Amino acid sequence: MPRPAGLTDPMASPVLLGDWPLACVLAELSARQGGRLVLRDAVGPARLECGRGSPVIQLPGGAGLRQAIIEAALRSIARCIEPYPAGVSGTVLVPAAGVCGAASSGPIDAIRDVGIMRVEGPQFAAGGALRLLQVQHTRCWVASLAFAGNDVAFCPTGMLRVLPDPLAADTARATQFMLDLGDGFYWPEVVVGRPEQSQPGRLDLLAMFTEAHYLNQLLAGCLRRSEGEILPCE
Amino acid sequence: MRVAVVGMGVIGRRLAAAVSAQPDMTLAGVAVRSAGVGVLARPLLPYFASSSQAIEALRANGIEPAGDLAALIGAADLVIDAGPAATGAGRFERYRDAGVLSIFCGGERDRALGPLVHPALNYLRALGQPSIRLPSCNTTALGRLIAGLGPSDVAEIRAVLVRCATDADKAHKGVTNGTVFDVRPAHHGPDLESLVQGIRARVRGAHVPVICGHVALVEARLRTPVATAAAGRISRARRVVLLPQDQPQNTAQIKARAYRTTRRGDRYELAVQLAIDDPDTITAWISLDNEAITIPEAIDAMRALSGIEDAELARDLTDAALLRASAFPPEQMEVSVARRHHL
């Protein structure tokens with residue numbers, strides 16, 4: 001994994017204030033990239049200070065955190081579709097356990113409907129909606145997605161990996177494959193099975209990802225903020 | 001020492017990685033039956049096809065086999081066989097006829113394959129042997145516990161295993177929402193009795209639908225009322241981590257910590273939560289990574305077969321290399337090492 005410049009500068013060490021479910025994973029990912037994230041107790045909502053004089057990033061919790069994790073993956077997938085898709089729909093299987101804590105409240109042999117997540121904003125002109133289902137599964141997030149657009153084609157780049165068919169058939173093999181690659185349980189890439197065009201103007205694909213994809217974007221964004229750059233996708 | 005690994009399943013791929021990490025060993029190659037998860041993740045290793053179907057499977061995935069099983073055996077000083085359970089006997093003669101040393105993983109039952117060796121209990125038994133068998137993951141863990149307590153002090157072991165229903169890469173096996181239990185004694189009892197002279201061992205088990213490691217409730221009856229001393233010994237034992245006694249422990253959280261701090265989430269240490277109810281009895285919950293716990297002892301065993309007589313030296317070499325290979329880069333080593341003692 002490339003080592004982001006600047007994070008090793010103690011003056012630029014980001015500080016996470018308050019309780020946040022992914023704080024420990026963010027700290028581990030930061031350390032893995034050669035940086036140092038300082039975790040500090042504080043009252044009030046969790047927030048990330050990116051460096052002296054930089055704006056503070058308010059960290060989402062609950063439904064907002066789920067949405068942020070999913071949107072990070074959606075953005076990475078959509079960038080690999082040409083032309084950029086107009087909308088998206090589908091179902092996301094949300095792990096029962098957060099990354100930073102083991103499941104303590106189920107669901108046990110059950111599926112919980114977490115609700116509909118609206119996809120709005122500049123990314124998708126036609127918008128979209130995803131149904132979120134919480135399942136008894138802890139390995140990764142799984143999204144069955146249908147992207148809409150005229151003559152859309154899939155051109156994987158960046159932090160996207162297309163798995164060979166035998167590995168994409170279940171999350172047991174897919175996640176063990178990612179572990180065997182050596183990037184740890186919190187692999188940073190979005191992993192997809194082979195996309196299919198089930199009908200004209202629609203691209204279907206199955207995506208698997210961990211919270212690390214979002215967290216790495218958060219770290220990168222924090223770094224850019226500390227350097228004064230404006231993020232294009234926010 | 002040139003080491004050949006047979007099998008690239010749950011144990012084989014960990015062995016291939018562990019052998020590659022040892023400064024005094026070279027991975028001669030890996031014999032495979034198919035192009036499974038481990039092969040596809042590490043396509044550049046030297047693979048040897050153990051059948052004509054394997055040749056086709058490898059080539060279909062863009063991997064050119066380096067030869068067949070005979071070629072691999074010919075290129076090795078030692079073969080460690082991590083093939084499917086109870087199939088090692090079918091390959092034993094090939095290893096013997098080729099004059100290579102051989103080690104069979106996973107509790108092969110056939111005594112013709114050599115003595116059962118647990119390096120923490122009977123390391124010296126392996127010296128001079130052409131072939132040995134290693135115990136299963138649970139016997140490895142129970143043996144490590146006995147070694148830590150002091151084998152000569154332990155009169156009897158009774159254990160109830162709560163086992164993962166399947167390996168982490170196999171979604172198609174196991175129960176979905178149930179527990180499969182069996183009152184019949186498991187093989188671990190006789191295996192422990194063959195490893196520790198004079199001990200009595202009874203082990204029974206159940207399977208549950210998890211993949212975050214086996215646990216077992218163990219009761220160790222001591223020959224004399226020395227439980228406190230035995231507990232002190234195990235707190236200092238190699239490859240053992242003590243868990244806090246004052247709160248419940250959760251294997252999902254234990255596994256999550258390993259996932260955060262190591263490349264594959266492998267946990268080589270045995271985690272132990274101890275209680276002393278009587279002066280002559282130690283009760284312990286043990287938590288083991290069923291996919292990784294046998295790896296350190298397997299590497300120790302290779303060193304024993306190669307003629308290293310000093311068991312402590314062998315273990316030192318093994319542990320140092322495994323720690324280097326499994327942890328994330330140096331800046332994270334400090335975190336990983338610290339966490340090992342604060343599970």
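This passage describes helix packing in chain B, the contact between chains A and B, and the setting of one proline in chain A. The model is predicted.

Helix α11 of chain B covers residues 294-305. At 1.5 Å a residue, its 12 residues should span 16 Å. The C-alpha atoms at its ends are 16 Å apart, which agrees with that expectation. Burial of α11(B) is complete, with 12 of the 12 residues buried, so the helix is largely enclosed by the rest of the structure. Nonpolar side chains do not account for the whole list. The charged residues Glu297(B), Asp300(B) and Arg303(B) are among those buried. Thr294(B), Ile295(B), Pro296(B), Ala298(B) and Ile299(B) are also buried. So are Ala301(B), Met302(B), Ala304(B) and Leu305(B). Just after the helix, Gly307(B) adopts a positive phi of about 105°.

Helix α1 of chain B, residues 10-21, packs against α11(B). The two axes come within 10 Å and cross at roughly 55°. An angle of 65 to 115 degrees would count as roughly perpendicular. The pair falls outside that range and α1(B) and α11(B) are therefore oblique to each other. The crossing is right-handed. From α1(B), the contact draws on Ile11(B), Arg14(B), Leu15(B) and Ala18(B). Their counterparts on α11(B) are Thr294(B), Ile295(B), Ala298(B) and Ile299(B). By class, this contact holds 6 nonpolar, 1 polar and 1 charged residues. The spacing of such residues follows from helix geometry. An α-helix has 3.6 residues a turn, so residues three or four places apart point the same way.

Helix α1(B) also packs against α12(B), which spans residues 311-326. Here the axes are 9 Å apart and the angle is about 110°. The two helices are therefore roughly perpendicular to each other. This crossing, too, is right-handed. Ala17(B), Ala18(B) and Ala21(B) make the contact from α1(B). Ala321(B), Leu322(B), Arg324(B) and Ala325(B) make it from α12(B). The contact has 6 nonpolar residues, no polar residues and 1 charged residue. Ala18(B) takes part in the contact with α11(B) and in that with α12(B).

The contact between the chains takes 24 residues from chain B and 23 residues from chain A. On the chain B side, α2 (37-41), α10 (251-261) and α13 (330-340) each supply at least two residues. Helix α10(B) gives the most, with 5 residues. By class, the chain B side divides into 10 nonpolar, 6 polar and 8 charged residues. Helix α10(B) is itself mostly covered, with 8 of its 11 residues buried. The buried positions are Thr251(B), Ile254(B), Lys255(B), Ala256(B), Ala258(B), Tyr259(B), Arg260(B) and Thr261(B).

In chain A, Pro95(A) lies in strand β6, residues 87-95. Pro95(A) has 20 C-beta neighbours inside 10 Å and therefore counts as buried. The threshold for burial is 20 or more. Pro95(A) also approaches a distant part of the sequence. Its C-alpha atom and that of Arg139(A) are separated by 7.3 Å, although the two residues are 44 residues apart along the chain. Leaving aside residues up to four places away in sequence, Pro95(A) touches His137(A), Thr138(A), Cys140(A) and Trp141(A).

Methods:
Residues are numbered from 1 along each chain as its sequence is written. Chains are lettered from A and ligands numbered from 1 in the order in which they are written. This is a predicted model: local features need pLDDT of at least 70, side-chain atom pairs count only at pLDDT 80 or more; totals for chains, interfaces and linings use all residues. Helices (H or I, at least four residues) and strands (E, at least two) are DSSP runs, numbered from the N terminus. The expected span of a helix is 1.5 Å times one less than its number of residues. Axes are lines fitted to C-alpha atoms, for helices over the stretch in contact, and angles run from 0 to 180 degrees between N-to-C directions. Angles under 35 degrees count as roughly parallel, over 145 as roughly antiparallel, 65 to 115 as roughly perpendicular and the rest as oblique. A crossing is left-handed if the near helix is turned anticlockwise from the far one by less than a right angle, and right-handed if clockwise. Two residues are in contact if their C-beta atoms, placed from the backbone, lie within 7 Å.
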